[in-house]
Amino acid sequence: MRSAKWLSRRDFLSSVSGTLAASATVAVARPAHARYSQKLAIDGGPKAVTVSPTPRPRWGDVELKQLEAMLRQGSLFYWGGPQTQLLIERFKQVCPVQWVQTCSSGTAAIHIAVSSAGIGPGDEVITTPITDIGTVIGVLYQQAVPVFADLGAGTYNLDPADVERKITPKTKAVIAVHLTGNPCDLDALKAICDKHKLVLIEDCCQAWGAKYRGRPIGTIGHFACFSLQDSKHVTCGDGGVVGTSDERFGPLLQKFGDKGGDRRKWGGHEVFATNYRMSEPQAAVAAAQLTRLEEIAQARSRLGNLLTELIANIPSIIPHQVHPQDRAVYWFYMFRIKPEALKCNRSQFTRALIAEGVSASGGYIAKPLYKEPIFLNHSFFAGRWPTKEFGLTDMDYTKVRCPEAEAILETCIRVYIREYMTEEYIRQVGQAIRKVAEYYAA
C-alpha cells in the first residue's frame, strides 16, 4: 500500500465527521516504550472524552404544522400539490436552479439526471469508486458503463487529472460525488467537461448546505442530485430532488421522474422511464426540514473545521482536506492514519479511540465499488451484462485499480459530527486522537 501524502494546512482547511460506534474494551498490544505519558483508557487510564453530547429531536412542531396542512388537502398526489410546490420553492432557495423534480430517493435523482442527459448503451460515465452504489445504479440501468477514476488523498473526491486521463471517445458524463459533504474541485471538473463536451452531474446526496467557493453546490454542474434519506442532513425518511438550469435537460426531468409522460399536456409518452414520484406527505416533511438546514450546515462546518485544526499537526495523521474558500458540511468526518508512522494498525488505533470515549469507526465502505462481486462478475442483470455481451464495451472490472482510493479505505477512520455537539466535546475528541497517535508513535 502506498503511503499517504501529507497535505499542507496552510493551503487547506479540513473537516471531520464520522459514524457512531459502540464502545469497546478489548485490550490490544502495546509498544514497548510508549511516548505518551498518560495511560490509554483501553489500559485503564482516564478517558480523554468526558462530555456526552445530548442528541436533539430532528423534527417537531415545524414538521407537524406542515403535515397538518397536508392532511387538509383533497389529494396527496405530487402533481400540482401544495407541499411539492413549497418543497420546490424552498429547494430553489438552497440550490438556485430553474427546473426541479422531486423524487423517491437520491438514487432516483441521479438516474433521472443520467436519463435526461441522454446516456445510453455503451456510453461511459466517469465517477468515484468510493461512494454508495446508488451513484452508479442509474448508469447501469441505462446500459451505460461506469468508469472509475482515482481520488485526492485527503479530499476523498475525484482527482481531476485522473478524470481527464480516463476520458475516451465513448465518455459522455462525469458524476462528481461531494463525499462526506466536502465539495469537489468543481471549476476543474467543469473545465474538463466543457473541453470534452461532457455533462457534469453533481451527486450532492451527502452535502446539503455545502458551498464551493461561496457558491451553492449543485449550481456549477449541469445537474444537482440530492438525497432525503433518513441519515442525511435533512430528511423525509426517503426521498430525493434533482435540478438543472440547462434548457436542454430541464423539460425532461419531470418525464424521466414520472413514467415518461408530460403532465403539462394530455396523453403521449415521448420517453421510456420508470416511476420515481414523491408523495405529498414526504414533500411536507422535507419542506419543513429545509427551514432547519442552514443552522445544521453552519454548526457541522464549524465543528468539523475545529477538529481539523486540533489534529492538523499530528505527524501520523492526515486530516480531512477542505479548500479554505469552501464550506464542507461533514456528513461525517474522515481522517487517515499513516501506518509507517505508528506502532499499531488501524483496528488497534480505532479501538483505543473508542475506549477514550470517541464515537469512531475504522473504514468506510468495505471496498471500492469495482471490487464488489457484482462488478467483478459483470452480473448486473440476472447474472448478465448485455452491454458487454453485445460488444458495446470491453470494460473488465477485474483489471480496474485506483491506488489512492484503495489506500484511503485501508487507512481511514470516521468520527461523528452532529449539529448538536459542543465545541468542548470536539476539543476532547481532538485530544483523544492526539493522545492515541502520540502513544503509538513509531
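In strand β13, arginine 414 is the bridge partner of serine 361, where strands are DSSP runs of E with at least two residues and helices are DSSP runs of H or I with at least four, both numbered from the N terminus. The model is predicted, so local features need pLDDT of at least 70 and side-chain atom pairs count only at pLDDT 80 or more, whereas totals for chains, interfaces and linings use all residues. Residues are numbered from 1 along each chain as its sequence is written, and side-chain values use heavy atoms, with hydrogens and water left out.

Strand β13 (residues 412-415) runs antiparallel to β12 and is joined to β12 by three bridges; two strands are said to pair if DSSP finds at least two bridges between them. Both belong to an open sheet of four strands, in the order β10-β11-β13-β12, with antiparallel pairing. Its edge strands, β10 (317-318) and β12 (360-362), each pair on one side only.

Turning to the interior, the largest nonpolar core has 95 residues, and Phe91, Phe223, Tyr364 and Tyr397 have the most contacts inside it. Such a core is a set of buried Ala, Val, Leu, Ile, Met, Phe, Trp, Tyr and Cys residues joined through side-chain atoms within 4.5 Å, and buried means under 20% relative accessible area, exposed over 50% and partly exposed in between, with a 1.4 Å probe and protein chains only. A second, separate core of 42 residues includes Ala41, Val49, Ile311 and Leu353.

Leucine 64, by contrast, is found in helix α1 (residues 61-71) and is partly exposed, because its relative accessible area is 45%.
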